[in-house]
Amino acid sequence: MIWGIFKRDMCHATRNVIAVIVSMGLVVVPALYAWFNIAASWDPYGNTKALKVAVANNDKGYKSDLIPVRVNVGETIISTLHANDQLDWQFVKSDKAIDGVKSGEYYAAIVIPKGFSADMMTLFSPDIKHAQLKYYLNEKINPIAPHITDQGATTVVNTIDKTFAKTIAQVGLDLASSILHYSQSPQMAEYMRNLNGNLTTMANTLSGASQQVTSYSQLLGSANDIVDSTGKLLASATKAGKQAQNALKQGKSGATSFTSAGANVTSSVNTALDQVSGAFDQVAAKVNKAFDAIGKGSDTAASQLTALSEQVSSGESLYDTYITSLNHMRESVEQLPDSDSAKQALLEAIDREITLLEAAKGDSQKLAQQLKDASTQVTQDTAAAESSRKEILNRITSAKQSISNVRDDYATNVKPKIDALASTVSTLISQTDSMITQLSGTADGLDDVTGDVGTNVTSIRSTLGAIAKKLDSSAATVKELITKLETDGNAGDGNSDGGDGDNDADSGESDELRALATANASTLSTLISAPVALHRVSVYPIANYGSAMAPFYTILSIWVGAIILCAMLKVTISDREKAHVLGLGDTLPRIAGPSGPGNASRWGLRLDHEYFGRYAIFALLALLQGTLVCLGDTYFLGVQANHALQFLAVGWLAALVFSNIVYTLTVSFGDIGKAVAVVLLVMQVAGSGGTFPIETLPKFFQMLYPFLPFPHAIDAMHAAMAGSYGNEYLLDMVYLALFLIPSLLLGLVLRKPVIRLNNWVSRNLESTKVM
């Protein structure tokens, strides 16, 4: 019965040219649907050269104060894009780029702002800014174009990242290479010699400074001795000397530095010398008085002259004390470094002062001797007394002049030199400000003042000693640096003959630096900018995008072919055909009842015979559709098919399963079944995994995925094209074939109860004269 129905259907399908053409069309149209889609998507991302993307560079560049290399990332991007043919890059002004995106002239535009390079270089500053590109995109022109231009923008960003890292690495390596090469040049050797010389000078200077600070400490001690000596000198004078001590105390109360203290000491010395000079005036008056008393009593005059002689002799020790203090000061000054410009001048001034003091002392001694001689003469020879008076008065005048010379020379020579020396240690002298203030406020006499000065000077000298040790330590450090540089220089020149472990390590580091610097800087900078290279290993590789999309479009076209078959061919068998198959003539007997499925079962033409008999031509045409589309994919389009027979077998099985499902739906539910077949088509386009991975789809489609035939057919075709993992291909073929079970169950069993309902729906639709 099935064979009879199939033979009559084949006769009808080939009865005339129109029928043959329509039959051929039913086979070819699904293939055209697949081929057009596959060919159109063969290499969509390889044909993006016509997509216009505008690029505008407003970058002003950046030049660092630290590294004098001008960086302009924008220019680097433009240069890179000139060599990039991924898109049709249009290099225009920013205004034109933005307007072109709005008008549709450009699909997208990338604008590099003015401060782009500067923002990128903030990576090396505390205030880091994120460099940004402005990306303008016209999304209404085409739904796919924005994604393609996004890839172009991503290319630009990746180029920027690599360019920036490469630029920084290039600069660093070039700088290291230049430094290494320069370090081996004759100029660098000369600079190193100069550096060693300068460091040696620095070390000597530090050592000299240490000695100078030590000398300053000793000089402060000598100054303290001078103050003590001055106090004793003033104490040995007359009552006016006491007043000078008070004046010295008052002068020290306002001192804020060692220089001002020296000025007050000078003032006190001058006052003391003035008082001594005044004392000589008193001696002169007493001499005149003594000589005037000669006539009245020679013994009285002699005793007065003897007393004056003893008074003058007692003052000689004060000269010795003052001379001794100056000698101590001279010893301290001699310890200053020879480089100190004030040293020699101060020594000469002190020597001159000592000479004048010795002359003044000699005049005092001669005066004392003359007074002593005069005391003898007035008792023996009165006539010679007047001559002695003149000599004594002249000697007093000479002594006063000597004291005046001491005072003037101290003021004009010694004092300025001490002031100049004091200015050198102004910082140290400032530390005595508190000491002088305390002395000025609390001292009742010059002895207390000198005592406090001695105490504070001791503290200052202790501080200066610590400073001297620091300077010695710094000098030692500089000398160690000199030794280290000389050692490294010898190691670098290859003149070292072994050395210790540190030298070996330094030599190793130098060799590593030399190897790094002599390497290709461009290669190294590229490695630093992209330290990880992606080695893509394709597993089950697909030749191109068209081949990757071929399973989806091929399976889709086979389903579309099944719908077309059911739209163009009748799924029910007329009573006339049933009668011819049964050999009953042109019509069934009246007892067959109304026309419909199963009404000829009493003559042996069962419902399953009708189902398979009419489905046979559907299956044949569906197999022809699957064969044509698969062979066209493989041999016409050149779709990759590592296993061509398996690829063709998937097409055959899919054609049988899909045609049976659509045929069953149409047989069972009529035109409503055709609509259901279209709905299933739409659902499978979205949820088959042919375009996007199932995992990226909404949850509903992920749940629906296993119960649709498309995913299994597509997976089986992928396995046939690129290779199968284990039994992957066979399992997908089995899963696909399992969809025949519910389809046959519906077409052979479940549709019996709904045949009358379906007939009733069909009659009502036909009664509308529209459907």
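Let's start with one side chain: Tyr663 touches Cys566, Val571, Glu610, Tyr611, Arg614, Tyr615 and Phe618, leaving aside residues up to four places away in sequence. Keep in mind that this is a predicted model.

**The cores**

Tyr663 also belongs to the largest nonpolar core, a set of 62 residues. Together with Ile555, Trp559, Phe618 and Phe658, Tyr663 is among the residues that touch the most other members of that core. Who supplies the residues? From the N-terminal end, helix H1 (2-13) and helix H2 (17-40) each give two or more. Further along the chain, helix H19 (545-568), helix H21 (607-637), helix H22 (644-669) and helix H23 (671-687) do so too, as do helix H25 (709-722) and helix H26 (728-737). There is also a second, separate core, with 18 residues, including Val333, Leu347, Ile350 and Ile354. As a general point, nonpolar side chains in soluble globular proteins tend to be buried together.

**The whole chain**

Stepping back, the protein has 771 residues, and 42% of them are buried. Its secondary structure comes to 28 helices and 6 strands. Of the contacts with a separation of 6 or more, 76% are between residues 24 or more positions apart. The exposed surface is about 40,000 Å², with 57% of that supplied by carbon and sulfur atoms.

**Cysteines**

How many disulfides does the model hold? The count is 0. Two cysteines to look at are Cys566, buried with a relative accessible area of 1%, and Cys630, buried with a relative accessible area of 1% as well.

**A nonpolar patch on the surface**

Not every nonpolar side chain is tucked away. Val17, Ile18, Ile21, Val22 and Met568 form a surface patch, with about 490 Å² of accessible area together. Helix H2 gives the most to the patch, with 4 residues. Val22 is found in helix H2, and this valine counts as partly exposed because its relative accessible area is 35%, between the 20% and 50% cut-offs.

**Salt bridges**

The structure holds 4 salt bridges. Here are some of them, with the N to O distance for each:

| Pair | N to O distance |
|---|---|
| Arg8 and Glu577 | 2.6 Å |
| Asp608 and Arg606 | 3.1 Å |
| Lys674 and Asp671 | 3.4 Å |

Which parts of the chain does the Arg8 and Glu577 pair link? Distant ones: Arg8 is in helix H1 and Glu577 is in helix H20 (residues 575-582), 569 residues apart. The two partners also differ in burial. Glu577 is buried, at 12% relative accessible area, whereas Arg8 is partly exposed, at 23%. The cut-off for buried is under 20%, so a value of 12% passes and one of 23% does not.

Lys674 and Asp671 make for another kind of pairing. Both are in helix H23, and because they are 3 residues apart there, about one helical turn separates them. Lys674 is partly exposed at 27% relative accessibility, and Asp671 is partly exposed with a relative accessible area of 48%.

In the remaining pair of the table, Asp608 is partly exposed, with a relative accessible area of 24%. Its partner Arg606 counts as partly exposed too, at 43% relative accessibility.

Terms used:
Residues numbered from 1 in each chain as written. Predicted model: local features only at pLDDT ≥ 70, side-chain atom pairs only at ≥ 80, totals over all residues. Heavy atoms only, no water. Disulfide = S-S within 2.5 Å. Buried < 20%, exposed > 50% of the residue type's maximum accessible area, 1.4 Å probe, protein only. Core = buried A, V, L, I, M, F, W, Y, C linked by side-chain atoms within 4.5 Å. Contact = heavy atoms within 4.5 Å. Areas by Shrake-Rupley, 256 points an atom, 1.4 Å probe, with all protein chains shown as cover. Patch = residues over 30% accessible without salt bridge, like charges linked within 9 Å, V, L, I, M, F, W, Y side chains within 5 Å.
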